[in-house]
Structure formats: structure tokens, C-alpha cells
Amino acid sequence: MKTIDIIFSADGQSRIETRGFTGSQCKDASRFLEAALGKVSSEQLTAEYHQSVQHQPNHLAQEN
């Protein structure tokens with residue numbers, strides 16, 4: 001399951017954590033939140049980010 005968590009600390013800092021995304025999908029999914037929350041001060045990429053995206057092959061059958 002894909003989730004995006006937004007964590008706010010007592011001092012007003014916020015952190016976005018994504019789970020279930022592979023490759024750069026996490027950055028694409030959370031981009032709107034980063035823009036809404038303001039300037040990004042740091043970024044820590046997880047092991048999921050460094051995994052390759054699994055694509056399902058398309059199989060087309062031609063009827064004769």
C-alpha cells in the first residue's frame with residue numbers, strides 16, 4: 001500500500017515520509033505537499049527510492 005505521512009514537530013518543522021513507492025515515484029507523489037509546505041531544507045532517500053520500478057509487460061495476441 002502506498003502512503004504519504006506528514007509529521008509536524010512542536011517547533012513547527014514538518015517532515016514528509018512516503019512508503020510503498022519505488023524509484024522516483026515518491027518524489028512525484030509528494031511534490032505538491034513539498035510545494036504547499038514551503039522550502040525543503042533536507043532530503044533523506046530510503047532504500048525504496050533506489051529500487052527500480054517494476055513494469056508489467058504488455059502482451060498482445062494477434063488473432064489469425
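The following exercises, with worked solutions, concern a predicted model of a protein chain.

**Exercise 1.** Determine how many helices and strands the protein chain contains, and in which pattern they follow one another.

*Solution.* The protein chain holds 1 helix and 2 strands. Along the sequence, the pattern reads β-β-α.

**Exercise 2.** Check whether the end-to-end distance of helix 1 agrees with the span expected at 1.5 Å a residue.

*Solution.* Helix 1 comprises 13 residues, 25–37. The expected span is 1.5 Å times one less than the number of residues, so helix 1 should extend over 18 Å. Its end C-alpha atoms lie 19 Å apart, which agrees. Helix 1 nevertheless has a bend of about 45° at Arg31. Just after the helix, Gly38 adopts a positive phi of about 110°.

**Exercise 3.** Identify the buried residues of helix 1 and elements that cover them.

*Solution.* Cys26, Ser30 and Leu33 are buried in helix 1. An α-helix has 3.6 residues a turn, so residues three or four places apart point the same way. The cover over the buried residues of helix 1 includes strand 1 (3–8) and strand 2 (14–19). In the protein chain of 64 residues, 11% are buried.

**Exercise 4.** Classify Leu37 by its accessibility and state which surface patch includes Leu37.

*Solution.* Leu37 belongs to helix 1. Its relative accessibility is 38%; partly exposed covers values between 20% and 50%, and Leu37 therefore counts as partly exposed. Together with Ile6 and Phe8, Leu37 makes a nonpolar surface patch of about 280 Å². For the protein chain, the accessible surface comes to about 5800 Å², with 49% belonging to carbon and sulfur atoms.

Key: Residues are numbered from 1 along each chain as its sequence is written. This is a predicted model: local features need pLDDT of at least 70, side-chain atom pairs count only at pLDDT 80 or more; totals for chains, interfaces and linings use all residues. Side-chain values use heavy atoms; hydrogens and water are left out. Helices (H or I, at least four residues) and strands (E, at least two) are DSSP runs, numbered from the N terminus. The bend at a residue is the angle between axes fitted to the seven residues ending there and the seven starting there. Buried means under 20% relative accessible area, exposed over 50%, partly exposed in between (1.4 Å probe, protein chains only). Contact means heavy atoms within 4.5 Å. Patches are made of residues with over 30% relative accessible area and no salt bridge: like charges are joined within 9 Å, nonpolar side chains (Val, Leu, Ile, Met, Phe, Trp, Tyr) within 5 Å. Accessible areas come from the Shrake-Rupley method with a 1.4 Å probe; for residues, only the protein chains shown count as cover. A salt bridge is a side-chain nitrogen of Lys or Arg within 4 Å of a carboxyl oxygen of Asp or Glu.
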